[in-house]
Amino acid sequence: MSEVFPEALLLIGRVIGPHGVRGLLKIESYAHSEDTLLTAGRIYLKQSSGKISEYGILSAVPHKGGALIRLEGLDSREQAELYCGAEILIRKAAVSRDDDEYFWHELIGLRVYLETGRYLGTLEEIVSTAANDIYVVREGKEEFLIPAIHDVVKTIDLENGKMILSEVEGLLDLNEV
């Protein structure tokens with residue numbers, strides 16, 4: 001295995017279990033498409049013990065809300081069973097993205113403000129939906145559900161750890177109970 005540093009890796013899924021008898025892995029993917037896996041070329045499987053194994057990826061196809069992947073050197077159900085529950089990681093450098101695209105781990109923890117300067121809280125969670133992601137912002141007992149769309153999110157400033165939102169009419173009213 002080539003030398004790899006954990007901070008250079010990106011979590012993109014987990015192994016649900018083996019599929020069939022020839023070493024296929026059934027996975028839950030956090031990536032938008034299987035192309036992310038194929039483009040990466042190599043993946044890293046991190047077992048609960050912390051051991052990381054590196055594999056070349058031969059194929060990745062959608063399957064029942066997840067994906068099936070075939071890896072170099074993983075040829076039997078017994079070998080595949082060893083990775084049940086393992087995290088799937090790829091090198092961050094293998095992922096291409098636009099200037100306005102961010103990894104979830106970069107956004108979690110940002111302080112969130114309205115353009116007026118009002119502090120809403122910390123982005124603590126991101127929920128993926130069919131239409132768009134939802135940012136869950138909390139401060140004490142207050143919780144705001146913010147749609148991750150360009151009309152709402154004006155600025156993401158990773159260097160200063162903050163996000164600025166447009167004060168779209170009704171945005172915060174939706175969060176009141």
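A salt bridge here is a side-chain nitrogen of Lys or Arg within 4 Å of a carboxyl oxygen of Asp or Glu. Keep that in mind as we walk through this predicted model, starting with one such pair: Glu 28 and Arg 14, whose side chains meet in a salt bridge at 2.8 Å, N to O. The two come from distant parts of the chain, with Glu 28 in strand β2 (residues 24–29) and Arg 14 in strand β1 (residues 9–19), 14 residues apart. Both partners are partly exposed: Glu 28 has 30% relative accessibility, and Arg 14 has a relative accessible area of 34%.

Now step back and take in the whole chain. It has three helices and twelve strands, and its C-alpha atoms fill a box of roughly 60 × 35 × 30 Å along the principal axes. Of the 177 residues, 36% are buried. The accessible surface comes to about 10,600 Å², and carbon and sulfur atoms own 48% of that. If you look at contacts with a separation of 6 or more, 51% of them involve residues 24 or more positions apart.

Charge is a good thread to follow next. The chain carries 18 positive and 30 negative side chains, and the centres of the two sets lie 8 Å apart. Some of the negative ones gather on the surface: Asp 98, Asp 99, Asp 100 and Glu 101 form a negative patch. Pick out Asp 99 from that group and you'll find it in the loop between β6 (87–91) and α3 (104–107). Its relative accessible area is 77%, so Asp 99 counts as exposed, the cut-off being over 50%.

Back to the salt bridges, then. A search of the whole structure finds seven of them. One sits within a helix: the side chains of Arg 77 and Glu 81 meet at 3.4 Å, N to O. Both residues lie in helix α2, four residues apart, which is about one turn of the helix. Arg 77 is partly exposed at 31% relative accessibility, and Glu 81 is partly exposed too, at 41%.

Another salt bridge joins Glu 125 and Arg 138, at 3.2 Å from N to O. Glu 125 belongs to strand β8 (residues 119–127) and Arg 138 to strand β9 (residues 134–139), so this pair ties together parts that are 13 residues apart in sequence. Once again the partners are partly exposed, with 34% relative accessibility for Glu 125 and 24% for Arg 138. These two don't stand alone, either: Glu 124, Glu 125, Arg 138 and Glu 143 are linked in a network of salt bridges.

Finally, a couple of loop residues deserve a look. Ser 76 is in the loop between β5 (66–71) and α2 (77–81). Is Ser 76 buried or exposed? Its relative accessible area is 18%, and because the cut-off for buried is under 20%, Ser 76 counts as buried. Leaving aside neighbours within four places in sequence, Ser 76 is in contact with Val 21, Arg 22 and Gly 23.

Lys 64 sits in a loop as well, the one between β4 (52–63) and β5. With a relative accessible area of 76%, Lys 64 is exposed. Its backbone is worth checking too: phi of Lys 64 is near 45°, a positive value in a residue other than glycine.

Technical notes:
Residues are numbered from 1 along each chain as its sequence is written. This is a predicted model: local features need pLDDT of at least 70, side-chain atom pairs count only at pLDDT 80 or more; totals for chains, interfaces and linings use all residues. Side-chain values use heavy atoms; hydrogens and water are left out. Buried means under 20% relative accessible area, exposed over 50%, partly exposed in between (1.4 Å probe, protein chains only). Contact means heavy atoms within 4.5 Å. Accessible areas come from the Shrake-Rupley method with a 1.4 Å probe; for residues, only the protein chains shown count as cover. Lys and Arg count as positive and Asp and Glu as negative; His and the chain ends are not counted. The place of a charge is taken as NZ of Lys, CZ of Arg, CG of Asp or CD of Glu. Patches are made of residues with over 30% relative accessible area and no salt bridge: like charges are joined within 9 Å, nonpolar side chains (Val, Leu, Ile, Met, Phe, Trp, Tyr) within 5 Å.
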